[in-house]
Amino acid sequence: MGKKAPARRWSFFFFGLLFLAPAHAGKQPPAAAVVSAHPAATRAGVEILQAGGNAFDAAVAVSAALAVVEPYSSGLGGGGFWLLHRASDGHEVMIDGREKAPLAAHRDMYLDARGEPLAGASIDGPLAAGIPGEPAALVHIAGRYGRLPLARSLAPAIRLAREGFRVDEHYRRMAAFRLDALRGSPAAAGLFLLNNEVPPQGYLVRQPDLARTLQALAREGRAGFYEGDIARQLVREVRRYGGIWTLEDLRQYEVKERRPVTGSYRGWRVVSAAPPSSGGVVLLEMLNMLALRDLRAMSKAGKVHYLAEVMRRAYADRARWLGDADFVGMPLKRLLSGAYARELVKGIDMKKATASSRLPSVRPEGHDTTHFSILDGEGNRVAATLSINYPFGSGFVAGNTGVLLNDEMDDFSIKPGVANVYGLVGAEANAIEPGKRMLSSMTPTFIENDDHVAILGTPGGSRIITMVLLGLLEVVDGKDVRTWVRRPRFHHQYLPDVIQLEPGALDEDLKAALMNMGHRLDEKSRPWGNMQAVHWNRRAGKVEAASDPRGGGSAMVLPQ
């Protein structure tokens with residue numbers, strides 16, 4: 001995606017890939033790297049690193065900047081998961097800033113009198129919004145793990161909100177897709193549209209109200225968003241337009257520190273997101289099954305077939321078992337065990353597709369999440385995936401706060417047997433309850449061995465986990481970082497019972513072989529995902545970073 005932006009003076013800046021020539025190997029990387037879905041956000045992270053901040057300060061800066069320049073993907077009105085590794089002591093933690101259901105929420109809130117889903121109720125407008133977690137998470141990360149004051153790390157985002165960013169073609173496509181929802185909110189239409197229409201490419205979007213909200217957060221910390229005037233405005237406007245938030249919802253919101261899920265695959269250690277993200281559990285469950293067969297010995301068709309069958313089984317377990325660990329018990333030890341993987345693999349016929357209807361039956365997420373990866377010169381690292389769910393979230397901006405609200409309530413199981421907007425199904429574990437976090441597919445991940453460290457993740461809703469899986473397999477096979485983010489993608493999520501394909505991902509002979517095995521194929525008209533990855537080659541002493549060419553992001557490497 002082309003972006004109208006001033007000429008850049010970074011001599012080491014490139015779109016897509018940055019490479020640092022080999023230096024001495026050691027425990028600390030010879031360079032720092034920031035890669036995100038938008039050049040302005042990448043520059044924000046670099047600015048903070050150059051100001052003396054660490055990877056965690058830079059993560060705050062990138063998150064806040066993305067909230068400004070990617071309103072269709074993330075924001076202060078949304079949430080996310082930040083996977084952190086602290087080099088000084090090896091401490092690893094997932095910061096859970098996922099949204100929560102309001103206290104007045106109940107399991108049938110999106111159903112009509114006949115028990116059928118109300119069209120659009122969990123997608124459009126403030127009733128669709130969970131209580132945001134991103135502002136609290138940024139304060140938490142800065143205070144507990146950062147080196148710089150929160151105000152310094154938020155300064156680039158405040159400047160971007162005040163000065164504005166230029167509309168590009170991706171923005172226009174997303175705004176057109178959500179035009180009706182944006183028109184339904186006068187404040188959103190005033191910010192993100194021009195005369196109630198999609199603005200032209202190059203149009204300057206300024207967000208002075210959001211700048212003031214960010215300043216309140218910088219000045220007052222958590223209280224600047226969850227208490228006081230901003231909180232009162234949020235609640236007043238949400239309720240005015242049919243939502244159910246209260247001041248108590250905001251007061252009660254708290255960030256959670258979760259222990260990441262960990263596992264191994266072919267000698268590599270894998271660290272990924274824990275529930276309420278399904279990402280790490282599903283990823284490791286798939287890897288456990290893949291470890292039982294030699295993919296390298298399979299034909300091309302056999303490999304895609306086996307991968308699809310593994311995806312199918314892991315996503316069936318996602319639908320059946322996973323939810324918010326604070327509310328439901330989950331058999332994680334069993335799901336992640338080698339014995340369970342062997343049990344699942346027994347049911348895979350290498351010559352014939354399994355019908356999803358034969359797997360345990362439960363009810364069958366998007367395109368507009370965002371991800372960034374950071375490595376600093378001390379070896380601290382961050383993989384973060386953030387979201388407001390559907391493009392432009394709920395389409396609702398709360399009054400003069402400048403805050404665009406999420407529509408993450410759709411990620412709950414609205415009703416057994418009814419898919420969400422991304423075709424995912426779930427069961428009782430992900431039913432709506434007051435104060436509960438909805439299940440997610442976000443999968444920020446680290447993978448490492450003695451010689452290499454990889455930091456990766458991507459947006460893409462229900463396809464996030466399989467994209468990370470395919471990228472991870474490229475890491476393990478020794479491919480370069482450009483290949484991780486560029487490789488063609490396919491996906492199976494149990495229901496609907498099809499292999500989804502990017503355009504041109506598989507050749508005609510391969511597609512014919514899969515159909516002969518009984519697979520149904522659904523080749524999409526557009527590619528998906530926007531992976532952001534960093535590779536630290538410890539042995540060679542070099543750092544590389546790559547931004548997915550499907551998006552308009554950028555990567556920067558800073559020699560130490």
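Biologist: Which residues does phenylalanine 192 touch?

Modeller: Leaving out residues up to four places away in sequence, phenylalanine 192 touches Pro71, Tyr171, Leu182, Pro199, Val205, Gln207, Phe392, Val397 and Leu404. A contact means heavy atoms within 4.5 Å. Bear in mind that this is a predicted model, where local features need pLDDT of at least 70, side-chain atom pairs count only at pLDDT 80 or more, and totals for chains, interfaces and linings use all residues. Residues are numbered from 1 along each chain as its sequence is written, and side-chain values use heavy atoms, with hydrogens and water left out.

Biologist: What makes the set with Trp82, Phe192 and Phe372 a nonpolar core?

Modeller: A nonpolar core is a set of buried Ala, Val, Leu, Ile, Met, Phe, Trp, Tyr and Cys residues joined through side-chain atoms within 4.5 Å; buried means under 20% relative accessible area, exposed over 50%, partly exposed in between (1.4 Å probe, protein chains only). The largest such core has 87 residues, and Trp82, Phe192 and Phe372 have the most contacts inside it. Helix α2 gives the most to this core, with 12 residues.

Biologist: Why are the buried residues of α15 said to be on the same side?

Modeller: In α15 (residues 338-345; helices are DSSP runs of H or I, at least four residues, numbered from the N terminus), the buried ones are Tyr340, Ala341, Leu344 and Val345. They cover an arc of only 135° around the axis, so they sit on the same side of α15. The arc is that of the directions from the helix axis to the C-beta atoms. Their cover includes α12 (279-290), α13 (300-321) and α14 (332-335).

Notes:
Helices (H or I, at least four residues) and strands (E, at least two) are DSSP runs, numbered from the N terminus.
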